[in-house]
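User: I should like to learn how to read the features of a protein model. Could you please guide me through them in order?

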Amino acid sequence: MNTQQIFRDKTDKIVKLWVEAVINCYPDRSRPALSSNMDPFTNPVGGMIREAAQGLVLAISGADIQIEQIKKSIERLIKIRAVQALSPGEAIGIIYLFKPILRAEILPQMNKPSSFSEYLDIESRLDTLAMMAFDLYVRDREVLADIRIKEIRNQYAELKRWAQNLNSNAPLGTFTGCGN
Amino acid sequence: MAKLPTPQMLMASRPDFPKAAWLDTKPLFAPGSYCYPEKKDTMELLHMPNPHDWDPSAEDWNLPENWEKILCDAFEERLEKHRSLKLFMDICVRCGACADKCHFFLGTNDPKNMPVLRAELLRSLYRRDHAMLGKILGRKIGARKWDKEVVKELFYYAYQCTECRRCSLFCPYGIDTAEITAIVRELMHEVGLGIHWIMDPVKNCSFTGNHLGIQPHSFKEIVEMLADDCETVTGIRPKTPFNEKGHEILFITPSGDVFADPGIYTFMGYLLLFHELDLDYTFSTYASEGGNFGSFTSFNMAKKLNAKMYAEAKRLGVKWILGGECGHMWRVINQYMETYNGPTPDNMVVPTSPITGTVFKHAAATKMVHITEFTADLIRHGKLNLDPSRNDHIITTFHDSCNPARAMGLLDEPRYILKHVCNHFVEMPENTIREQTFCCGAGSGLNTEEIMELRMRSGMPRGNALRYVQQKFGVNHMACVCAIDRATLPPLADYWAPGVNVSGVHELVANALVMKGEGKRTMDLRQEDLPNVDAEEDQ
C-alpha cells in the first residue's frame, strides 16, 4: 500500500484529531464554541482550523497540490494566530501537532524497510509546511507594523498638510501627498 | 540535564488548560493588549476623581489609599441610580446565548470575553455585597471580594468591549452588556483609571470643540482646504459657513472627518451635496465633534459633551440639526439625549426637509436627523441628478455600523442610497449584517494604534466576512456610516482583505452627483481617475 492509499483511509480521522489538538490549545471554556458551530462566519476560528486541516492533510499526504492552494488554506488561521498574543512558536507550532497523530495513525502501517523512507518523506513535508507557515506569520506581523504606522499618519493627515501649507506659503489645497 | 519540552507542552495543547479556575486566571498585560493610560493633568483639568500617574504593565497601579471603599460606594450608588443595572446583575441565568456572539470572544477565544463572563466579573462582586446567597455561600456560588487584581481584571476587560451590543440582541432577557461595560468604566474612573485615547479627546471636545483640540480658526482653514479640493475635482467651490446665526440648519458631524484619511472625502461629499442643494445651514466650531467621547467615560461626561449641540443650536438660532455619518453619536442622540439635555431649545422645531417638504416625525423629540435619512428622502423624491456609472470601478458592500444599526435601526437608508449611486452592490453574509452586524473591533474609544494587534483579532469576524465577499464576488470597496469605522476599517481591511477600500456613503454620493455648472469630471474625490472617461474626448 502506498502513502496515498494509506492516507485515503485515514484522512478524516487525522483531520478530526488535528482539529481537536488545535482547539485544545485554547482555554477549556472556549472549546465548546469552537467545536460545535460549523458556520464559518459566526465561528470563524473554528472554520479556519477546519479549512487549514483539509489543506494540510492533503499536502502532507504528498498529493499533487499547488503551493498557492496550500497557502490559501492556512492563510486565515496563521493570520489570526499572528495576532492572538501568542509567541511565534506557539502561533505556528500547530503544524507540529500533526506529528504525534501521524506517528499513531500512519507510522504503524509504514514501519517496515520497504516504506519507512516514504514515512520520513511525510514528516519532511511537515517541515516544509511549518516553514511556509512561518513565512506567512512573519508577513502578517510586518503588515501589522505597517498598518500601525499608516494609521498614525492618516489620523493627522489633513492637519499636517495644513501646517505644511502654513510653512511653505503654498496655496491652500495643494496636494502634498502626505498620509498616503 | 534538563529535558526539552515537547511541542505539545509548548503549545499547551491539553485538556486542562488553563489549570486554574476562571476566577483565578488573571490577564497578562502584554503590549498590544492594553491602551495607554490617560495623563494626570488631563484628568485634573476635567475634575475627574483621583487623578494619578500609573502604568498598566506595572505591578502597582498607585490606587488611592481607600480604593476599596471608593469602589464599593460608587457601585452601590449606581445600583440605586440605575434600576437596569440592578436587573442586569440579578436576572442573568447564564444560559450562554451571548457567549459566542461577541467579536472579542470570537477573535481572542478568551472565555472572559464571552459577554456573560465579562459581566460576571462585576456580578461576582455584586453577589458578595448585595445578594443574600452570595453573602452566605461566598465563593461556592461565584461571589468574591474586591482586591487589586480584580480591579486590574475589570479594567482589562472593560476595554475589551466596544459596547456594540451584538450580545444584547441574542440575550433572551435583553441584558445590555454595553451598559455593564459603561458602568465598569465609570467605576474605574472613580479610582483614577482611564485611557489616553478617550480622555484626551474628551478634554479637547470640552475646551475647544473638536477631538484634536485644534483652534477654531485653524479648524475652519482646514475645512476651507477641503473646499479647495472639491473645486479641483468639480470646478465648483462649495461654501463653508461657520458659526453664522439665523440659518435653518446646524450641521454636526465627527471632527475625525476633517482631519483623517479617508474620512475627509466623506466630509467633502457633504460640502458638495449641501452646495448643490443651496442648503441654508451652518457649521459650529464649538459643536464640531458629533461623536461623544464622554459616552466612553461616564454618563455625566456624555451628558456634558452632548449639551454642546443644543447650546449651539440655541446660540445660532437654528430650527433643527442635521447630523453626519457617525456611530455612537447616534446612540447617544437616540437613547440618552432627551433625558440628558431635553427638552430642546424653544427655537427648534420638528425637522422638515426644505427640499422635499418631508417632515421627519421620528425626530420630533431630539430635532436631529441623520444625513442618510435626509439624502435617501432626496433621492426618493428625485431631487438629485445622479450618475452611478462614475462609481463603476467599485463593487461595494456595506458595513452596518453597530450603533446606527442596533441603537437606531438605521438599516435601509444607507443601502437605498448606495444602490442609487453605485451599480454594483453586494451584501456580506446575512448573519454578519444589519442587526447582527459585527463591530469594526475598535469602537467605544478603542481605535488607538497601540492596540492594533488586539484590534486585528477583535475585528476579525468583520474582516473575515469582508474577505469572503472579496474572494467570491470581487468586492473592492466597503461603505459605512461611522467616522470611527472610516478610521478602523482600512487597517482591518489591509490585514484581512487587502485591496478593499473604505469610505463613507456620502463620498460615493458626491462622486455620482451631477452638479449644476460643474466641469467635466475626470477624477473622483480622492483625485483618482474616474472610469468611463473618454481620453480623446478629454483632449
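Analyst: Let us begin with surface exposure, bearing in mind that this is a predicted model. A residue counts as exposed when its relative accessible area is over 50%. B:Leu133 has a relative accessible area of 53%, so this residue is exposed.

User: Where does B:Leu133 lie, and which residues make the nonpolar surface patch?

Analyst: B:Leu133 is placed in helix H7 of chain B, residues 132-137. The patch is made by B:Met132, B:Leu133, B:Ile136 and B:Leu137, and has an area of about 440 Å².

User: I should now like to turn from the surface to the interior. Which residues of the largest nonpolar core touch the most other members?

Analyst: They are A:Trp18, A:Leu102 and B:Trp146, in a core of 154 residues. Helix H8 of chain A, residues 116-155, supplies the largest share of this core, namely eleven residues.

User: Why does this core lie between domain 1 and domain 2 of chain B?

Analyst: Domain 1 (20-194) and domain 2 (202-512) of chain B both contribute residues to the core, and therefore it lies between them. The C-alpha centres of these two domains are 31 Å apart. Their contact takes 35 residues from domain 1 of chain B and 40 residues from domain 2 of chain B.

User: Which residues are in contact with B:Trp146, leaving aside its neighbours within four places in sequence?

Analyst: Among them are B:Trp67, B:Leu71, B:Phe75, B:Leu125, B:Val151 and B:Leu154. The contacts also include B:Glu68, B:Arg128 and B:Asp129. There is, in addition, a second, separate core of 78 residues, which includes B:Ile222, B:Leu316, B:Val509 and B:Ala510.

User: How many residues of helix H23 of chain B are buried?

Analyst: Eight of the eight residues of helix H23 (residues 505-512) are buried, and the helix is mostly covered. Among these buried residues are B:Val509 and B:Ala510. The buried residues of H23(B) pack against several elements of chain B, including helix H14 (263-277), helix H17 (371-380) and strand S7 (501-504).

User: What does B:Glu373 in helix H17 of chain B touch?

Analyst: Not counting residues up to four places away in sequence, B:Glu373 touches B:Phe360, B:His362, B:Met408, B:Leu410 and B:Glu413. B:Glu373 has a relative accessibility of 10%, so it counts as buried.

User: I should next like to study salt bridges. How many are found over all chains?

Analyst: A search of the whole structure finds 51 salt bridges. To read one of them within a helix, recall a general rule. An α-helix has 3.6 residues a turn, so residues three or four places apart point the same way. B:Lys69 and B:Asp73 are four residues apart in helix H3 (residues 67-81) of chain B, and are therefore separated by about one helical turn. Their side chains meet in a salt bridge of 2.6 Å, N to O. B:Lys69 counts as exposed at 51% relative accessibility, whereas B:Asp73 is partly exposed at 36%.

User: Which salt bridge pair crosses between chains, and is that pair buried or exposed?

Analyst: The pair runs from B:Asp229 in helix H12 (residues 216-234) of chain B to A:Arg161 in helix H9 (residues 157-168) of chain A. The closest N and O atoms of B:Asp229 and A:Arg161 are 2.8 Å apart. Both B:Asp229 and A:Arg161 are buried.

User: Which residues are linked in a network of salt bridges?

Analyst: The network links A:Glu75, A:Lys79, A:Arg139, A:Asp140 and B:Arg467. Within it, A:Asp140 forms a salt bridge with A:Arg139, with 3.4 Å between the closest N and O atoms. A:Asp140 is buried, with a relative accessible area of 1%, while A:Arg139 is partly exposed at 34%.

User: Lastly, how should I read the backbone?

Analyst: Most residues other than glycine have a negative phi, and most peptide bonds are trans. In this model, B:Asn109 has a positive phi, near 55 degrees. B:Asn109 lies in the loop between helix H5 (103-108) and helix H6 (115-130) of chain B, and this residue is buried, with a relative accessible area of 2%. A cis peptide bond joins B:Asp261 and B:Pro262, with omega about 0 degrees. Another cis peptide bond joins B:Gly342 and B:Pro343, with omega about -5 degrees.

Methods. Residues numbered from 1 in each chain as written. Chains lettered and ligands numbered in written order. Predicted model: local features only at pLDDT ≥ 70, side-chain atom pairs only at ≥ 80, totals over all residues. Heavy atoms only, no water. Core = buried A, V, L, I, M, F, W, Y, C linked by side-chain atoms within 4.5 Å. Buried < 20%, exposed > 50% of the residue type's maximum accessible area, 1.4 Å probe, protein only. Helix = DSSP H or I, 4+ residues; strand = E, 2+ residues; numbered from the N terminus. Domains from an automatic or database assignment. Contact = heavy atoms within 4.5 Å. Patch = residues over 30% accessible without salt bridge, like charges linked within 9 Å, V, L, I, M, F, W, Y side chains within 5 Å. Areas by Shrake-Rupley, 256 points an atom, 1.4 Å probe, with all protein chains shown as cover. Salt bridge = Lys/Arg side-chain N within 4 Å of Asp/Glu carboxyl O.
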